[in-house]
Amino acid sequence: MDKEIWAVVCGAIRDELEFKLIVNELTIMRKENYISGIVISTWEDELIHFPGLKKNLLENDIKIIEQKPLENIVSIANTTSLNYFRQAYQFQAALDILPDNCFVLKARTDRALKHLRLIKPYLLKDSQLISKSKEAKLVSGEEVPIFHYPMTVINVRTNRLFNFSDFVFFGYIDDMRKIINFDISELFLGRDLVANTQWFIYPFLKEFPVIKDYFKLINFRPLISGMKDTIEKFDDRNRLDVFPHFFYRVYVTYLRIIKKYFRIVSMENTLDFNKQEQEVYHFTDLFIENKPLGVAYTAIGTVLLSDSVIENFLNINKIGIERLDISYKKILETPKCSYSVTQQELNELKLFRADNNWFTFKNWLRMNACKNKLEKQSSEYSKNILDYYFSELTESENMNLLNDLKQADSVDRYLFNYWIKHDEIGSDAAIQMVFPLARTRNQEAILILTRISRMGKLSNSVDWTNLKYLVDVTYDVQRQRGAINIKTCLLKLNHILEEYDNNNFLTIYENSFFREILFRYLESNEFKAIFDNNLSKEQLSDYLYTLSSHYKDKGRSTRALRLLELATEIEFSKQAFERLQQYYHENKLKNNEQLIFRTLTLFV
């Protein structure tokens, strides 16, 4: 097929010369029509450290994307995924502007030169849709659509599954978008992932449960040398203990995925292919040095050196007859083997860890992740779960309320309304019945609680701290939304006034929130008069009452009401709330009247 290919180089520029050599190689490939264009995706101000470099790139018609560093956008720390996130964020920015249906040659700003030369011959090879590949369907065993076209990669390894080279890789743009993720591995898997692995693994973690289980259960780092050393220690491999069933499923699934979804850049110059055709393959060869078979041991995992190596390991006729081979071939004959780890397999892994002749170390199995599968639970109650008691209610009232709550659409709203309507119960019950709705930032519930707190009836320090948090958050959110109203101001006002008693009241004028609330409802000359005269608490409430009457006489009823509400909350006496209740009653403000009535019942 004819295809348009774009090169994308991502990363910080660590070494100017190495970066220039990589870009130079790409400009040669562009001149030779291997690629259509080049995009450099890096951080803002990265290029200014290299005089003339940006100008040189632009003069060579190279597109430059410069973004703010990731740490300037979000706060992410203490995760090994961070290094990958930086690269993926830059790569994503480039993919967003590339032409539709193109292919992408992704490279790093460092250590990519050799890999560009290795991958170059693969760029113009015909790319066949995976869905149309009969061979891929036969080998895969399971039809899970992941990529449209095989992705070309370098250094496919065992043990560290999907730990391919991230210096250079090549694939279809829609497939490249699928490998980009911003999942924190410590949360998704309960473990770290290096960038090389996170680049390629996530589509397969989510579609092949056995692969996800491998990463959750297996600490593969000690297995790399441990498996090799143990295998090479035995002249007769039939003396080796057979591996747990889980491992065979992992590797059959992994090799099938590689066969179907990836194309390996071959290292044929290191192989003796004539000998390779004559040899028998053993399961243990996946973990040792055997270059004639196409496997090369490295400290970070055994490398499978070509596509033909994958084919041979999946060809049941090429697999030997050692004890481990027999178990491996049984899984090869199974069409579908990517299901999640079973309880029997978990038990087998634990037993193998405890007693086998493979390894002296035991930390290859992550025991904290070996959680037993749940079984069906008993349908009978051994103890009443609704063992809950509300303060100030009789046993009968408590039982009736719990039964009503079973049918309630909204438990927090039902409890709040119950408390409002039952004036015989007071502040102790309010902690249980009003707080749930307050936690949703309901202003009426928070306002009631701030009044209870000002009365000194919120004695629990935890409750007081929680209320303070709710007041601060609610006020800040309403301010950000431009939605502050009188209830927002009153609940914040109560919170402020609680901190200023009569002895230090005058210092309240230094509080920016107090000033902000007053300024919202006063004319500038009225606001100035308060601060010029340093009014006491009693003088301030009297002044606001006077202003309220003034505006009521002028027909400005809304302004009059707001000043009356502020004055009442500042005075905070039974008589003040009775006056406000009368106003609400006369003006048929039933909801506000009910809240005031309920407040009055607390003045005892």
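Contact here means heavy atoms within 4.5 Å. The model is predicted, so local features need pLDDT of at least 70 and side-chain atom pairs count only at pLDDT 80 or more, while totals for chains, interfaces and linings use all residues. Residues are numbered from 1 along each chain as its sequence is written, and side-chain values use heavy atoms, with hydrogens and water left out.

**Exercise 1. Find the surroundings of I211 and place this residue in its core.**

Step 1. Skip the neighbours within four places in sequence; I211 is then in contact with L161, F162, I201, F204, L205, V250, T253, Y254 and I257.

Step 2. Now look at the nonpolar core, a set of buried Ala, Val, Leu, Ile, Met, Phe, Trp, Tyr and Cys residues joined through side-chain atoms within 4.5 Å. Buried means under 20% relative accessible area, exposed over 50%, and partly exposed in between, with a 1.4 Å probe and protein chains only.

Step 3. The largest such core has 133 residues, and L105, I211 and F262 touch the most other members. Helix α11 (residues 245-261) gives the most to this core, with 11 residues. Helices (H or I, at least four residues) and strands (E, at least two) are DSSP runs, numbered from the N terminus.

Step 4. A second, separate core has 73 residues, including I420, L470, F531 and I596.

**Exercise 2. Trace the strands that pair with β2.**

Step 1. Strands pair if DSSP finds at least two bridges between them. Strand β1 (residues 5-10) pairs with β2 in the parallel sense over 5 bridges, and V8 stands opposite V39 in β2.

Step 2. From β1 the chain crosses through helix α1 (residues 16-31) to β2 in a right-handed β-α-β crossover. Right-handed means that, with the strands pointing away from the viewer, the path from the first strand over the helix to the second runs clockwise.

Step 3. β2 also pairs with strand β3 (residues 63-67), in the parallel sense over 5 bridges; there, I65 is the bridge partner of S41. With helix α2 (residues 53-59), β2 and β3 make a right-handed β-α-β unit.

Step 4. Strand β2 (residues 37-43) is largely enclosed by the rest of the structure, because 7 of its 7 residues are buried.

**Exercise 3. Decide whether H148 is buried, partly exposed or exposed.**

Step 1. Locate H148 in the loop between α5 (134-140) and β5 (151-153).

Step 2. Its relative accessibility is 33%, so H148 counts as partly exposed.

Step 3. Beyond four places in sequence, the contacts of H148 include Y172, D174 and K178. The C-alpha atoms of H148 and Y172 are separated by 7.4 Å, although these residues lie 24 residues apart along the chain.
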